[in-house]
Amino acid sequence: MNDRKETSYIHGGRDQNHDPFGSLTSPLYQTSTFSFDQAEIGEARFAGLDSGYVYTRMGNPTVTQFEERMAIAERAECALAFSSGMAAISAVLFTHVKSGEHILASDGIYGATYSLLKQMKERYKISFTYVDFNDLEHVETKLKKKTTLVLLETPINPTMKMSSITAVSAFAKKHDLLIAVDNTFATPYLQQPLTLGADLVIHSATKYIGGHGDVIAGVVAGSHELIKDVRSYAQKNIGAVLSPFDAWLLLRGMKTLAIRMDRHCANAKKIARRLAKHPKVKTVLFPGDPSFSDYELARTQMKDSGGMISFHIDGNKDDVFAFLNELTMIPLAVSLGDAETLISHPASTTHASIALKDRNRMGITNSLLRLSVGLEHYADIWKDLRQALQKLS
Ligand SMILES: *Cc1c(COP(=O)(O)O)cnc(C)c1O
């Protein structure tokens, strides 16, 4: 298989089908079950002696092709697809952390991951500590005898704070911890955590991987050894599997991942520069801005600065809401990575369930907005933002 990203996003994954009609695109195997020509074959498949398909919860050719393409994209031995990013994150946690054990997680981690960890603590006695992985000496003081997993997100949603995957992976190795990285914001096009020392990489494929805002999906990738248990325990028995049609949409979306990311990045740079100069904008948080705290890390760790920008409006919550209500083209919506530019107000939506004190510590205040810069002409994106900013007194 060709190693170049652009090519592997289009051709990656074994063609499962050997389509008799020579279909260019992967056929969609929209089926729940697979029939066996002979009783002996059914027996062999259940015994694991024949690799053919049995039942879509345990594997489907369209889903397999997507998994193989993602494994290639992340330089992983294998990958598994799930029905959502949260299903992928829970699959990793439920498989690789046991009752009584302890997790170190990025402070400011994705909102639903935050709620999941809280539930796991209350129901299954799996504890966790939020840490700033940029201060590993301090993180070391938070280690417990039963710490087994590091859950890292970089850049982090919505503060854009970054951590060195290489340094945190080395820390994890030193202390014999497994390290999983949520790579949703960067995508494998901009950063490949496994090549920097991580053990597992997780995606909400709902975002840039799908790229068209029409599918909810997740992925976990890593070594055969680490994925084996995720497959048999979480994918097969918990069963939050990806549907064949969604896998088909993701295969389609992935073909354009590289060119979409290039445009997302180029547009974001132009918009970030304009926002930074606007008098109604107090601060811009963007990895491609030289004044951003993690600018140097972004330059070395990521191929480009990404399509996400957060910024603080100079004003209170009423001003921020007034600005949002003035936008005409840009929809107010959570999610990210779509062709459409999307804007969201984390403090009142995705991060509302986080205690106010914690939210303030993380910098998720009422003046903060998160912009997923889309694929429209940048001048139209800026035109809409500017006219809404101008209306603020
Ligand atoms: C959206 C998102 C998730 C959750 O993914 P779903 O597909 O919505 O379940 C997890 N992590 C990050 C960073 C996300 O942006």
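**Close-ups of a predicted two-domain model**

**View 1. A salt bridge from a loop to helix α7.** In this predicted model, the side chains of D199 and K173 pair up in a salt bridge, with 3.6 Å from N to O. D199 sits in the loop between α8 (187-190) and β6 (200-204), while K173 belongs to helix α7 (residues 165-174), so the pair ties together parts that are 26 residues apart in sequence. The two ends sit in rather unlike surroundings: D199 is buried, at 16% relative accessible area, whereas K173 comes out as partly exposed at 47%. If you're tallying, the whole structure has 10 salt bridges.

**View 2. A salt bridge within helix α12.** Here the side chains of E296 and R299 meet, 3.5 Å from N to O. Both residues lie in helix α12 (residues 295-301), 3 residues apart, or about one turn of the helix. An α-helix has 3.6 residues a turn, so residues three or four places apart point the same way. E296 is partly exposed, with 47% relative accessible area, and R299 is exposed, with 54%.

**View 3. Sequence neighbours in a salt-bridge network.** D358 and K357 form a salt bridge through their side chains (3.7 Å, N to O). D358 counts as buried at 14% relative accessibility, but K357 is exposed at 66%. Through shared partners, salt bridges join D107, K357, D358 and R361 into one network.

**View 4. The two sides of helix α13.** Which residues of helix α13 (residues 317-326) are buried? V320, F323 and L324 are. These three cover an arc of only 100° around the axis, which puts them on the same side of α13. Over on the other side of the helix, D318 and N325 are exposed. What do the buried residues of α13 pack against? Their partners are three strands, β9 (308-313), β10 (342-344) and β11 (368-372), plus helix α15 (378-390). Zoom in on the start of α13 and you'll find a side-chain oxygen of N316 within 3.1 Å of the backbone nitrogen of D318.

**View 5. The largest nonpolar core.** In soluble globular proteins, nonpolar side chains tend to be buried together. The largest nonpolar core in this model has 91 residues, and F66, L93, I103 and V150 touch the most other members. Helix α4 (residues 85-96) is its top contributor, giving 6 residues. Where does this core lie with respect to the domains? Domain 1 (5-254) and domain 2 (257-390) both give residues to the core, so it lies between them. For a local look, centre on L93: leaving out residues up to four places away in sequence, L93 touches I103, L116, L117, M120, L149 and L151. There's also a second, separate core of 25 residues, with V281, I309, L385 and L389 among its members.

**View 6. Where the domains meet.** The domain assignment splits the protein into domain 1 (5-254) and domain 2 (257-390). Their C-alpha centres lie 27 Å apart. How many residues are in contact across the boundary? On the domain 1 side there are 40, and on the domain 2 side there are 39. Keep View 5 in mind here, as the largest nonpolar core takes residues from both domains and so lies between them.

Definitions and conventions. Residues are numbered from 1 along each chain as its sequence is written. This is a predicted model: local features need pLDDT of at least 70, side-chain atom pairs count only at pLDDT 80 or more; totals for chains, interfaces and linings use all residues. Side-chain values use heavy atoms; hydrogens and water are left out. Buried means under 20% relative accessible area, exposed over 50%, partly exposed in between (1.4 Å probe, protein chains only). Helices (H or I, at least four residues) and strands (E, at least two) are DSSP runs, numbered from the N terminus. The arc is that of the directions from the helix axis to the C-beta atoms. Contact means heavy atoms within 4.5 Å. A polar contact is a pair of N or O atoms within 3.5 Å; within protein, one must be able to donate a hydrogen and the other to accept it, and residues adjacent in sequence count only if both atoms are side-chain atoms. A salt bridge is a side-chain nitrogen of Lys or Arg within 4 Å of a carboxyl oxygen of Asp or Glu. A nonpolar core is a set of buried Ala, Val, Leu, Ile, Met, Phe, Trp, Tyr and Cys residues joined through side-chain atoms within 4.5 Å. Domain bounds come from an automatic or database domain assignment.
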